[in-house]
Amino acid sequence: QTAVSPPKRQHWAMMLLVLALVGVFLLSLFAGSVRIPLAEILTILFGATPEKETWTTIVLKFRLPKAVTAVLAGSALSVSGLQMQTMFRNPLAGPFVLGINSGASLGVALVVLTIGATGSTLLAGLGLLSDFGIVVAASLGAGLVLFLVLGVARRVETMTLLILGLMFGYATSALVSVLLYFSIAAQIQAYIAWTFGSFGGVTWRQMQVMAPAVLLGLLIAWLSAKPLNALLLGETYAHSLGLSVRRARIGVLVSASLMAGAITAFCGPIGFVGVAVPHMCRSLFSSSNHRLLIPATIFMGGLVALVADLIAQLPGSQTTLPLNAVTALIGAPVVTWVILRQRNLRSSFAG
């Protein structure tokens with residue numbers, strides 16, 4: 001018997017991953033408290049009239065935007081995690097671990113708890129402009145924390161960097177706590193509900209802001225595939241190849257902060273996806289080539305996010321679990337496996 005070549009095995013793995021994503025996407029449209037036949041869902045998606053008119057409203061206004069949001073969120077967080085793990089040469093780097101999500105949360109808190117306290121009516125009337133402002137605030141908050149992490153990355157060791165990332169996260173969380181203390185009860189309740197994470201609160205109008213931000217971040221990430229491959233060999237070797245390390249870092253800064261900021265603004269701070277999914281892809285494809293890993297991470301991230309959302313809403317039940325609790329249950333075992341598998345985290349990405 002002839003062994004299957006690695007490229008052919010990777011090709012089949014990618015195809016299965018795409019088919020799984022499509023299958024779970026359709027399942028997310030099917031699952032819910034109202035039972036809608038799969039044939040009727042396909043009828044609605046193709047623009048035809050289903051047996052019941054209310055099914056069209058349920059699918060197009062609630063289930064479809066939530067499923068699209070889950071795919072975009074999972075892809076964005078996973079790719080940003082992949083970028084940071086490569087740049088920092090650290091298998092535990094990610095938007096949540098390095099405090100990027102906390103920075104984005106601070107940006108949202110400043111808009112919602114301060115501006116919202118004095119101009120909630122104005123914000124409500126601004127429509128897309130208010131959504132754009134929240135994304136900008138979240139992206140700036142994420143970018144600020146990532147900029148601070150980049151500033152100290154060259155001066156500290158791997159584990160120290162993780163601790164500093166956590167400290168940045170704690171510091172921004174402390175500022176958010178101060179804002180919460182001086183806010184009114186309704187705003188506090190709304191903010192706390194937002195921190196649980198959810199894909200179901202994004203409307204098609206908000207998607208006009210979130211989707212372009214995520215797609216732009218993914219495009220920048222794809223264009224940075226070659227520099228990321230060079231960074232795997234170390235910054236000194238990458239520089240000898242003619243790579244501008246500074247420009248590559250800025251590209252990762254812009255891409256990761258844009259994606260993490262946009263997703264956190266609309267879906268809340270979602271943890272573990274950005275750390276776990278890149279490792280799942282490396283294990284599945286047995287490769288460190290970012291031209292392969294970036295599309296694989298996009299598909300795997302969307303798949304994991306959809307599965308987490310299905311578990312969170314407990315199909316057939318009126319109960320909805322906090323999304324962050326589900327992503328932690330999925331991602332924590334993967335992170336634990338990475339820690340146990342690597343005896344020395346400092347040499348994890350040594351080659």
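This is a short dialogue on how to read some features of a predicted protein model.

Biologist: Where should I begin? How many helices and strands does the protein chain have?

Modeller: Remember as we go that this model is predicted. The protein chain has 14 helices and zero strands. Read from the N terminus, every element in the run is therefore an α, as the order of the elements and the way they are assigned show.

Biologist: And what share of the residues is buried?

Modeller: The protein chain has 351 residues, and 51% of them are buried. Its accessible surface comes to about 16,900 Å², with 68% of that belonging to carbon and sulfur atoms. You can also look at contacts along the sequence. Among contacts with a separation of 6 or more, 78% are between residues 24 or more positions apart.

Biologist: How do I describe two helices that pack together? Which angle do H3 and H11 make?

Modeller: Two packed helices are described by the angle between their axes and by the distance between those axes. Here, helix H3 covers residues 53-87 and helix H11 covers residues 245-267. Their axes come within 9 Å and cross at roughly 150°. The crossing of H3 past H11 is left-handed. Residues that make the contact include Leu72, Ala76 and Met84 of H3, together with Val252, Met259 and Ile263 of H11.

Biologist: Now charges, please. How many salt bridges does the structure hold?

Modeller: In general, side chains of opposite charge can pair when their charged atoms come close. This structure holds one salt bridge. Lys66 forms it with Asp309, and the closest N and O atoms are 3.8 Å apart. The pair links distant parts of the chain, with Lys66 in helix H3 and Asp309 in helix H13 (residues 290-313), 243 residues apart.

Biologist: Are Lys66 and Asp309 buried or exposed?

Modeller: Buried means under 20% relative accessible area. Lys66 has 18% relative accessibility, so Lys66 counts as buried. Asp309 is buried because its relative accessible area is 9%.

Biologist: What about nonpolar residues at the surface? Which residues make the nonpolar patch?

Modeller: Leu38, Leu42, Leu45, Phe46 and Leu60 make a nonpolar surface patch of about 460 Å². Helix H2, residues 38-45, gives the most to this patch, with three residues. Take Leu42, which is found in helix H2. Leu42 has 34% relative accessibility, so it counts as partly exposed.

Biologist: Can we try the backbone next? Which residues have a positive phi although they are not glycine?

Modeller: Most residues other than glycine have a negative phi. Two cases to look at here are Phe272, with phi near 75°, and Ser286, with a positive phi of about 50°. Phe272 lies in the loop between H11 and helix H12 (273-285), while Ser286 is in the loop between H12 and H13. With a relative accessible area of 26%, Phe272 is partly exposed. Ser286 is exposed, with a relative accessible area of 58%.

Biologist: One last residue, Leu148. Where does Leu148 lie?

Modeller: Leu148 lies in helix H5, which covers residues 128-153. Its relative accessible area is 38%, so Leu148 is partly exposed. You can also find Leu164, 16 residues away from Leu148 along the chain. The C-alpha atoms of Leu148 and Leu164 are separated by 9.5 Å.

Notes
Residues numbered from 1 in each chain as written. Predicted model: local features only at pLDDT ≥ 70, side-chain atom pairs only at ≥ 80, totals over all residues. Heavy atoms only, no water. Helix = DSSP H or I, 4+ residues; strand = E, 2+ residues; numbered from the N terminus. Buried < 20%, exposed > 50% of the residue type's maximum accessible area, 1.4 Å probe, protein only. Patch = residues over 30% accessible without salt bridge, like charges linked within 9 Å, V, L, I, M, F, W, Y side chains within 5 Å. Areas by Shrake-Rupley, 256 points an atom, 1.4 Å probe, with all protein chains shown as cover. Salt bridge = Lys/Arg side-chain N within 4 Å of Asp/Glu carboxyl O. Axes fitted to C-alpha atoms, helices over the stretch in contact; angles between N-to-C directions. Left-handed = near helix turned anticlockwise from the far one by under 90°. Contact = heavy atoms within 4.5 Å.
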